[in-house]
Amino acid sequence: MVILAADLDRAAETYTRLGFTLSPRGVHSDHMGSANHTIMLQDDYFEVLSVLKPTPANVGWRTRLETGEGLWATALKTDDAAGMADEMRAVGHAVRDMLDFSRPVTLADGTVGTAAFKVTHFNEPGTVRDGIFACQQLTRETVWLPELMEHANAATGIAALEAVAPDPREVAEQLSALFEAETVAAQDGSLSFAAGSVIVRIRPGETGGWPIRFTGLTLSVSDLARTELALSGVAAERVGEMVRVAPDQTHGVVLGFTPGP
């Protein structure tokens, strides 16, 4: 998941204070005009990203930031970004041409390596797939670094995503089709489905004109007591077996921590 932030330095300070180990700032290829800090987990990751300068490649980021900070993009893991694009076109979806980009990575021994990616974005503005892209990792050895995967708050992986939509059923059915997943309805009007190892829950709610708005990110942790200790300096609340941090302290995300693998 991509958390868009207006000020990358401030976002880095925020997520460090929340007990995460952040990668050094990565400045993307010049045509991207963006930079990020990744938060690497055992099998997946999320990132905070900001726009450094306007370019045609980051129009979408800038449009979303005009609405506010938060979870504005979803990356799907793929081993073949070009093949994914072909598959989506074959079933009638519009996708952009595959995009290659990279960023430098400072390694533990002080040398500088490269993290390289191929991505394919849906090109369907105004739909629930706007903001979804597939990312092919070409250099996992420079991204999943052991020193970046240990977090003071004991985070280990992404467990769930929370979203709101004016019509949760329609949105859930459109998104779950990408994963050939069955949607499950709940009594509160929400629907959920499995996107790989992550549960996506969509509830009725206002989105500011967008067809869907992701609002929450729930992380698995290995030790909830460690999580609470790491969060002792912020306004977190315990709700059953989950610790939550409000969006005004996370750049627009309801951040949850729950015991998991």
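Trainee: Which element gives the largest share of the lining of the largest cavity?

Mentor: That's β5, with four residues. Bear in mind that this is a predicted model, where local features need pLDDT of at least 70, side-chain atom pairs count only at pLDDT 80 or more, and totals for chains, interfaces and linings use all residues. Residues are numbered from 1 along each chain as its sequence is written, and side-chain values use heavy atoms, without hydrogens and water.

Trainee: How many cavities of 30 Å³ or more does the search find?

Mentor: Rolling a probe the size of a water molecule over the atoms shows where empty space is left. On a 1 Å grid over the protein atoms alone, a cavity is a set of points where a 1.4 Å probe fits but cannot get out; a pocket is an open set with protein on both sides within 12 Å along at least five of seven lines; lining residues have an atom within 4 Å of a point. Here the search finds one such cavity, with about 150 Å³ of space. Of its 16 lining residues, Arg64, Trp72, Asp130, Ile212 and Phe214 are the closest to the centre. Both β5 (70-77) and β13 give two or more residues to that lining.

Trainee: What about the second largest pocket: how much space lies in it?

Mentor: About 290 Å³, where volume means the space filled by probe spheres set on the points. It has 17 lining residues, and Glu162, Arg201, Thr218, Met242 and Arg244 are the closest to its centre. The largest share of this lining, five residues, comes from β9.
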